[in-house]
Amino acid sequence: MAWNEPGNNGKDNDPWRSGGGRNDGPPDLDEVFRNLSKKFGGLFGSGKGSNSNMNSGGSAALVLILLVAALVWAFSGFYTIKESERGVVLRFGQYHTEVTPGIHWKPTFIDSVIPVDVTSVRSLRTDGFMLTQDQNLVRVTFEIQYRVFDARSYKFSVVDADTSLREATDAALRYVVGHSLMDDVLTKGREVIRQNTRTELESIIKPYNLGLELVDVNFRDARPPEEVKEAFDDAIAAQEDEQRFIREAEAYAREIEPRARGQVNRMMQEAEAYKQQITLKAQGEVARFDKLLPEYLAAPQVTRDRMYLETMEQVYGNTSKVLVDVKNGNNIMYLPLDKMINPAEPKGAVSNPVLPDNRVTPLDNRSVPAGRSDSGRGDNSRTGRG
């Protein structure tokens, strides 16, 4: 029979009515929620008077909930450590182990993981006014670069390793600057201060075992207070000029020294050559004298005359004008040798000497000076040379 067939006006067969066709009306939403609350209450033992069907349904729901919770708990334990990191594993808040990069699993609510970057280089800068050894005030800016090499020490040796390193850097820098002069801090002593600060800083942080490693230490800036900055700028400029002049002088010395050494070597070589020349010449004169002595002993007169003529020939050959005193007279004979040996004249042509009284005297023998007779030369040779 269809639900809409006649019979109590079709109300008895309405499928939307509960109670087997009773005139109860549709179920109320409040009743539905009430029934659900009773079922969940029965699962936890609070549903008094519930039947066995409700107990079996509650057990199945409990198992399902526990299974879902277990799956969520298991999947929530997977985590990833990056290539540049190390994972510090804590079990119930206490250090347990350290894991390498990759995918790992941990029991949630039991273990916790703290990733620590151990590859990146970190920077830390400190600056401030500091007092130098000579009681001057200077503002110094210092920067250090460091990295983590021990993740456990970095996290648990001190409360905050980065803050501890900053305070240690400030202490080391103030100590080194306090034992340095202001001129060294501002100008030429920066490298020494940088090295001393690094050494002092390493000695300070070593007992604390911070798990940090210093990569580099840089002296960024050092300047006096603004009130005296102009005066110090002038002083620094003067020191820079001094260094520039020193470098220029050193360059000039490097340029001049090789040249002077070359001149010294050349002069020594010339002196040695002159020494050898004079020595050889003297040895030649001695050899010539040794050969001439037997001839002189054999014919003294002839040898003296020949030596005289050769000497006069050398003397006259080195001058172009000769003045000859005339014997028993005041007239001086002038020999124009420069015209006599003029290349423009025919070869062999010799000009006649002109005397002061307009007399022309031919030169019969160029080797014998005019106005000097053989007998006179002989007499002079005998009287002058013995």
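The questions and answers below go through the sheets, core, surface patch and salt bridges of a predicted model.

Residues are numbered from 1 along each chain as its sequence is written, and side-chain values use heavy atoms, without hydrogens and water. Because the model is predicted, local features need pLDDT of at least 70 and side-chain atom pairs count only at pLDDT 80 or more, while totals for chains, interfaces and linings use all residues.

Reader: In the open sheet that contains β2, what is the order of the strands?

Author: Helices (H or I, at least four residues) and strands (E, at least two) are DSSP runs, numbered from the N terminus. Two strands pair if DSSP finds at least two bridges between them. The sheet with β2 is open and has three strands with antiparallel pairing, in the order β3-β2-β5.

Reader: Which are the edge strands of that sheet?

Author: An edge strand here pairs on one side only. The twist from one strand to the next averages 30°, where axes are lines fitted to C-alpha atoms, for helices over the stretch in contact, and angles run from 0 to 180 degrees between N-to-C directions. The edge strands are β3 (94-99) and β5.

Reader: Which residue of β5 is the bridge partner of Glu85?

Author: Strand β2 covers residues 85-91 and runs antiparallel to β5, with seven bridges joining the two. Glu85 has its bridge partner in β5, and that partner is Asp117.

Reader: What is the order of the strands in the open sheet that contains β7?

Author: This open sheet also shows antiparallel pairing and has three strands. Its edge strands, each paired on one side only, are β6 and β8. Neighbouring strands are turned by 20° against each other on average, direction ignored. The order is β6-β7-β8.

Reader: How many bridges pair β6 with β7?

Author: One bridge partnership links Leu131 to Leu137 in β7. The two strands pair in the antiparallel sense, and the number of bridges is ten.

Reader: Which element gives the largest share of the largest nonpolar core?

Author: A nonpolar core is a set of buried Ala, Val, Leu, Ile, Met, Phe, Trp, Tyr and Cys residues joined through side-chain atoms within 4.5 Å; buried means under 20% relative accessible area, exposed over 50%, and partly exposed in between (1.4 Å probe, protein chains only). The largest core has 35 residues, and among those with the most contacts inside it are Val138, Ile144 and Leu212. Elements that each supply at least two of its residues include β6 (122-131), β7 (137-148), α4 (161-178) and β8 (212-223). The largest share, seven residues, comes from α4.

Reader: Which element gives the most to the nonpolar patch on the surface?

Author: Patches are made of residues with over 30% relative accessible area and no salt bridge; like charges are joined within 9 Å, and nonpolar side chains (Val, Leu, Ile, Met, Phe, Trp, Tyr) within 5 Å. This patch includes Leu67, Trp73, Phe92 and Trp105, and its residues have about 1200 Å² of accessible area together, from the Shrake-Rupley method with a 1.4 Å probe, where for residues only the protein chains shown count as cover. Both α2 (52-75) and β4 (102-105) supply at least two residues. With four residues, the most comes from α2.

Reader: Is Ile110 buried or partly exposed?

Author: Ile110 is one of the residues that form the nonpolar patch. Ile110 lies in the loop between β4 and β5 (111-117). Its relative accessible area is 32%, so Ile110 is partly exposed.

Reader: How many salt bridges does a search of the whole structure find?

Author: A salt bridge is a side-chain nitrogen of Lys or Arg within 4 Å of a carboxyl oxygen of Asp or Glu. Some are linked in a network, as with Arg125, Glu143 and Arg220. The number found in the whole structure is 18.

Reader: Which helix holds both Glu248 and Arg244?

Author: The side chains of Glu248 and Arg244 meet in a salt bridge (3.3 Å, N to O). Glu248 has a relative accessible area of 44% and is therefore partly exposed, and Arg244 is partly exposed at 34%. The two lie four residues apart, about one turn of the helix, in α7 (residues 229-298).

Reader: Is Arg261 buried or exposed?

Author: Arg261 and Glu257 meet through their side chains in a salt bridge (2.9 Å, N to O). They are four residues apart in helix α7, so about one helical turn separates them. Glu257 is partly exposed, with a relative accessible area of 41%. Arg261 has a relative accessible area of 52%, so Arg261 is exposed.
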